[in-house]
Amino acid sequence: RRKLIALYHVDAIFTLTFTPHEDTPTPFENRSSAHNAIATACKKLNRNLVDDGFTSAPRYRQLQKVKHGNLDIIKYLSEEFVQRTKHQISYMSIDCHPIKVLTQNFMHVSVNGFYAENQESARKFNRTMLLMQDNNAIIITNDQLHIGGVVPQTKLLKHAPASSIADLNKQSKKGGTQNSDVTAVPIATNVSGGSTGANPQNLDSARQELAMKVSQRCGCPLDISVKALIASNWDPQSAVTRIETMKQQQQN
């Protein structure tokens, strides 16, 4: 992980929270050797703002749990944090939106999902990052990592994050006639081509604007974005994920 130092601003901030027994889901499987390793690494840095042990600690103790600077951050991630984590994008939900502070543009990115702790269990996590452009490169200025409980990998699909590829595939297999189901209002097989129905001209101005933004974001025809929005109950995040999933399926 030392090569990741180039991704962090020289004055970047990293904080971590760890709630394995309060987070959902947290079954009794949370007792493996892998759990002991992650607990040891996280408790040193756990900065849970609603934890009595943290809030009652002296200020200098609280500040010790903040990693300041890319060197300090990479040292922790490469030497103290668990060394092996495996991720599968189908069990992750990603959201982002731009932020402007004075003249500086930032991008707020949130990644929610599970990573494979071992062959039997997967652990919940949420990572929130603030990105900025610096010398034609995108770097991290603030990184907040939350580590939660575990689920057996055999039950992972049940707990797939909302709008993740795994969750969308699960919903599409349920069938039925609800508008929130992808089978109720199918998206054309060829995402890059045209399709019939879901006429954008029949929508109100707010939905036309939303459909246009999804169309521009995904690089697809406007009627495709409308169908995706209808299938997603007009949730733009879910609509984008549906279209991107269709693209991936066509490429495979």
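**Exercise 1. Find how many salt bridges the whole of this predicted model holds, and establish which parts of the chain the pair Lys44 and Glu80 ties together.**

Solution.
- Step 1: A search of the whole structure returns 5 salt bridges.
- Step 2: One of them joins Lys44 to Glu80, with 3.9 Å between the closest N and O atoms. The cut-off is 4 Å, so the pair counts.
- Step 3: Lys44 sits in the loop between α1 (33–43) and α2 (52–55), and Glu80 in the loop between α4 (70–79) and β3; the pair therefore ties together parts 36 residues apart in sequence.
- Step 4: Glu80 has 32% relative accessibility and is classed as partly exposed.

**Exercise 2. Describe the salt bridge between Arg127 and Asp143, and decide for each partner whether the residue is buried, partly exposed or exposed.**

Solution.
- Step 1: The closest N and O atoms of Arg127 and Asp143 are 2.7 Å apart.
- Step 2: Arg127 belongs to strand β5 and Asp143 to strand β6, so this contact ties together parts 16 residues apart in sequence.
- Step 3: Arg127 has a relative accessible area of 22%, which makes this residue partly exposed. Buried requires a value under 20%.
- Step 4: Asp143, at 0% relative accessibility, is buried.

**Exercise 3. Place the salt bridge of Glu209 and Lys213 in its secondary structure and classify both residues by accessibility.**

Solution.
- Step 1: The two side chains meet at 3.8 Å, N to O.
- Step 2: Both residues lie in helix α6, 4 residues apart, or about one turn of the helix.
- Step 3: Glu209 is partly exposed at 47% relative accessible area, while Lys213 is exposed at 51%. The boundary for exposed is over 50%.

**Exercise 4. Characterise the largest pocket by volume, lining and residue class.**

Solution.
- Step 1: The space in the largest pocket is about 530 Å³.
- Step 2: Its lining has 23 residues; Ile94, Arg217, Gln237, Val240 and Thr241 lie nearest the centre.
- Step 3: At least two lining residues come from each of β3 (86–101), α6 (205–218) and α8 (236–251). The largest share, 8 residues, is from β3.
- Step 4: The lining divides into 11 nonpolar, 8 polar and 4 charged residues.

**Exercise 5. Do the same for the second largest pocket, and identify which residue of Exercise 2 lies among those nearest its centre.**

Solution.
- Step 1: The second largest pocket has a volume of about 440 Å³.
- Step 2: Of its 18 lining residues, Leu4, Tyr8, His87, Arg127 and Met129 are nearest the centre. Arg127 is the salt-bridge partner of Asp143.
- Step 3: β4 (104–116), β5 (121–134) and β6 (137–152) each give at least two lining residues, and β5 gives the most, with 4.
- Step 4: By class, 14 are nonpolar, 2 polar and 2 charged.

Terms used
Residues are numbered from 1 along each chain as its sequence is written. This is a predicted model: local features need pLDDT of at least 70, side-chain atom pairs count only at pLDDT 80 or more; totals for chains, interfaces and linings use all residues. Side-chain values use heavy atoms; hydrogens and water are left out. On a 1 Å grid over the protein atoms alone, a cavity is a set of points where a 1.4 Å probe fits but cannot get out, and a pocket is an open set with protein on both sides within 12 Å along at least five of seven lines; lining residues have an atom within 4 Å of a point. Grid points are joined across faces, edges and corners, and a volume is the space filled by probe spheres set on the points. Ala, Val, Leu, Ile, Met, Phe, Trp, Tyr, Cys and Pro count as nonpolar, Asp, Glu, Lys and Arg as charged, and the others, Gly among them, as polar. Buried means under 20% relative accessible area, exposed over 50%, partly exposed in between (1.4 Å probe, protein chains only).
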